[in-house]
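User: I should like to learn how to read salt bridges and pockets in a structural model. Please take me through one case.

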Amino acid sequence: MSSATFTVRVDDAVKKRLEKLAKSTGRSRSFLAAEAIAEYVDVNEWQVAGIKRAIQSLERDGEVPHGEVKQWVRSWSGRRERAVPKPRKA
């Protein structure tokens, strides 16, 4: 896998913590920073994609009022669970 170099500014305290972690794990600061950035990008790409899908669903299918969702969820502990509320266009 190819790699590229770029500069990142961090607080002195974070740099010291990174150096300490690198020393205690036998890894380089660069390796740990690259791993942390990759994990951050993975999580945030997933989250942003999920938000975009939710917005598209809302625009396409409509919304379910909060009160209806609350009533449905409350019915889970009762004898008769309510039907799943249906979205409707605003």
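Analyst: Let us begin with one pair, noting that the model is predicted. E68 and R88 form a salt bridge, their closest N and O atoms being 2.7 Å apart.

User: What does the salt bridge between E68 and R88 tie together?

Analyst: E68 belongs to helix 3 (residues 66-74) and R88 to the segment after helix 3, so the pair links parts that are 20 residues apart in sequence.

User: How exposed are E68 and R88?

Analyst: E68 is partly exposed, at 26% relative accessibility. R88 is likewise classed as partly exposed, with a relative accessible area of 43%.

User: How many salt bridges are counted, and which residues are joined into one network?

Analyst: The count comes to four salt bridges. Through shared partners, K15, E19 and R29 are joined into one network.

User: How should I read the pair K15 and E19 within helix 1?

Analyst: A salt bridge is accepted when a side-chain nitrogen of Lys or Arg lies within 4 Å of a carboxyl oxygen of Asp or Glu. The side chains of K15 and E19 meet at 4.0 Å, N to O. The two residues are four apart in helix 1, and about one helical turn therefore separates them. K15 is partly exposed, with a relative accessible area of 39%, and E19 is partly exposed at 33%.

User: Which parts does the pair R29 and E19 tie together?

Analyst: In the salt bridge of R29 with E19, the closest N and O atoms are 3.1 Å apart. Because R29 lies in helix 2 and E19 in helix 1, this pair connects parts that are 10 residues apart in sequence. R29 is partly exposed, its relative accessible area being 41%.

User: Let us turn to pockets. How can one see where empty space is left?

Analyst: One rolls a probe the size of a water molecule over the atoms, which shows where empty space remains. In this model, the largest pocket has a volume of about 790 Å³. Of the 20 residues lining the largest pocket, R29, S30, A33, A34 and I37 are the closest to its centre.

User: Which elements give two or more residues to the lining of the largest pocket, and what is the character of its residues?

Analyst: Those elements are helix 1 (12-25) and helix 2 (29-61). Helix 2 gives the most, with eight residues. The lining residues divide into 12 nonpolar, five polar and three charged.

Terms used
Residues numbered from 1 in each chain as written. Predicted model: local features only at pLDDT ≥ 70, side-chain atom pairs only at ≥ 80, totals over all residues. Heavy atoms only, no water. 1 Å grid on protein atoms, 1.4 Å probe; cavity = no way out; pocket = protein on both sides within 12 Å on 5 of 7 lines; lining within 4 Å. Points joined across faces, edges and corners; volume = space filled by probe spheres on them. Nonpolar A, V, L, I, M, F, W, Y, C, P; charged D, E, K, R; others polar. Buried < 20%, exposed > 50% of the residue type's maximum accessible area, 1.4 Å probe, protein only.
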